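Dear colleague,

I am passing on the structure we talked about, and my notes on it follow below. Please read them with the structure open beside you.

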Amino acid sequence: MELLSNLGINGKLLLAQIVNFFILLYILKRFAYKPILKVLDDRKEKIEKGLQDAEKAKNKLGEMEEKEKKILLTARKEAQKIVDSAEEIAKKNKEEIIIESKSQAEKILSDTEKKIEEEKNKMLGEVKSEMAELVSLATEKVIGEKMDEEKDREIIEQAISHKP
Amino acid sequence: MEISLIPEVIFNIGSFPVTNTVLMTAFIAILIIIGAWLVKKRISLIPKGFQNIIEIVLETLLNLVDSVTQDRKQAKKFFPLVATIFIFVILSNWIELIPGLGTIGVEQEHHGETMLAPFIRSNSADLNVTLAIALISVSAAQLAGVTALGFKKYLGKFFVNPFKKPYFIGSFVGGLELISEFAKIISFSFRLFGNIFAGEVLLTVMLMLVPYIIPLPFLFLEIFVGFIQALVFAMLTLVFMKMATAEVAH
């Protein structure tokens, strides 16, 4: 024990130092190690996740580009198809319209011709009857004597219909 | 100039002698507490300034512990003690670099002689401090061994039946192991005490001989020694803990 006191070892001081060290250990563990290690772990996790996400995003982007290309291609094809069919329909329509209008025109023409003929015939009939009356009147005046009216008419009508 | 192996008593509180190393221990404790509080308060996922430094120190230590234990779970268990020993010891060692070492203090009467009791004396130049940490370190190793292997198996490392396979050799090796556990306490405490006390004496003497320029290389040397001793203390603690948890291989 003489040796220990010569070296300055004192039970009270030793105990005080041990207690002090444990206090420091507790405080550092509570306020420094735990939060710092947690932050380090969290950061590691976050960076790992970030890198993974970036990789995923890159892959997805590639996929999207490919998809886009495919969609564009099909859209172009579809559009071409629509245009083609529209052209075809238009062509068909055009022919139909032309044919229809032609037939319509022909119909109108023939109708008109028929009507003109009818009118002409009607007019001719009227003229004929009027002429007969006129002629009979004129003959009456010239001859001055009334013939048998029926006979007279017959003659006139014959004369008119025998017109060259 | 007096060089004392024993830290000087500045004053007494009741029967408790307040030595200069007690003051320094309190100073370091306050420093560490403030540092820890700052870390806790300012911690964020995106580090900056002070947090960066602390993170570098702690992460390096953790990786070191990890490389020794080869086991993340065990590393996390051992890490607080190892890191605290490192931080406390390195700060204790570097106290001797503070200007005023061995010069600023109070005059005291001792056996009719006036002696200077300096305020600044490195913690590690007090056997009470080094012995305290050595006791904690070795006890921690025993505790680690007992919790990892179980009480009976751990005792089996030291007390080997002399009538079994390697016979008396086994018992002899077990006895040596037991003695070495106690030797560890002594080697731990005296290694640190010796290095830092010698450093203090060296710096004080150099300062007395040539006050300018010449002490500078010694100051740098002491920075280095302080770091190495702290690292050695922490690493040995770690290695002893790891060895205590290892299975018996006779």
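Which residues in α1(B) meet which residues in α2(B)? Before I answer, please keep in mind that the model is a predicted one. The residues on the side of α1(B) are B:L38, B:V39 and B:R42, and those they meet in α2(B) are B:F50, B:Q51 and B:I54. By class, this contact between α1(B) and α2(B) has four nonpolar residues, one polar residue and one charged residue.

The geometry of this pair can be described as well. Helix α1 of chain B covers residues 20–42 and helix α2 of chain B covers residues 50–69, and their axes come within 10 Å and cross at roughly 110°, which makes α1(B) roughly perpendicular to α2(B). The crossing of these two helices, α1(B) and α2(B), is left-handed.

To place these helices in their setting, chain B has seven helices and four strands, and along the sequence they follow the pattern β-β-α-α-α-β-β-α-α-α-α. Chain B has 250 residues, of which 35% are buried. If one takes the contacts in chain B between residues at least 6 apart in sequence, 66% of them join residues at least 24 apart.

Helix α1(B) also packs with α3(B), and here the axes come within 10 Å and cross at roughly 130°. An angle over 115 but not over 145 degrees falls outside the perpendicular and antiparallel ranges, and α1(B) and α3(B) are therefore oblique to each other. The crossing of α1(B) and α3(B) is right-handed. From α1(B) the residues B:I28, B:L31 and B:I32 take part, and they meet B:I87, B:F88, B:L91 and B:S92 of α3(B). The residues of this contact between α1(B) and α3(B) divide into six nonpolar, one polar and no charged.

One residue of helix α1 of chain B that you may wish to look at is B:F27. The C-alpha atoms of B:F27 and B:S92 are separated by 9.7 Å, while the two residues are 65 residues apart along the chain. B:F27 has 16 other C-beta atoms within 10 Å and is partly exposed, because a residue counts as buried from 20 such neighbours and as exposed at 12 or fewer.

A third helix pair is α4(B) and α7(B), which pack at an angle of about 25° with their axes 7 Å apart, and these two helices are therefore roughly parallel to each other. Helix α4(B) passes α7(B) in a right-handed crossing. On the side of α4(B) the contact is made by B:S137, B:A140, B:A141, B:Q142, B:A144, B:G145, B:A148 and B:L149, and on the side of α7(B) by B:T237, B:F240, B:M241, B:A244 and B:T245. By class, the residues of the contact of α4(B) with α7(B) divide into eight nonpolar, five polar and no charged.

Turning to the interior, the largest nonpolar core has 56 residues, and of these B:F79, B:V82, B:I85, B:F86 and B:V89 touch the most other members. The elements that give two or more residues to this core are α2 (11–143) of chain A and, from chain B, α1, α2, α3 (72–94), α4 (127–149), α6 (168–209) and α7 (215–245). Among these, α3(B) gives the most to this core, with 13 residues. If residues up to four places away in sequence are not counted, B:F86 touches B:L61, B:A230, B:L231 and B:A234.

As for the two chains together, 27 residues of chain A are in contact with 37 residues of chain B. The side of chain A that touches chain B has 19 nonpolar, four polar and four charged residues.

Finally, there are two loop residues whose backbone you may want to inspect. B:Q70 is placed in the loop between α2 and α3 of chain B, and its phi is near 55°, a positive value in a residue other than glycine. With 9 C-beta neighbours inside 10 Å, B:Q70 counts as exposed. B:I213 lies in the loop between α6 and α7 of chain B, where its phi is near 60°, again a positive value in a residue other than glycine. B:I213 has 7 C-beta neighbours inside 10 Å and therefore counts as exposed.

With best regards

How values were computed:
Residues numbered from 1 in each chain as written. Chains lettered and ligands numbered in written order. Predicted model: local features only at pLDDT ≥ 70, side-chain atom pairs only at ≥ 80, totals over all residues. Contact = placed C-beta atoms within 7 Å. Nonpolar A, V, L, I, M, F, W, Y, C, P; charged D, E, K, R; others polar. Axes fitted to C-alpha atoms, helices over the stretch in contact; angles between N-to-C directions. Parallel < 35°, antiparallel > 145°, perpendicular 65-115°, else oblique. Left-handed = near helix turned anticlockwise from the far one by under 90°. Core = buried A, V, L, I, M, F, W, Y, C linked by C-beta atoms within 7 Å.
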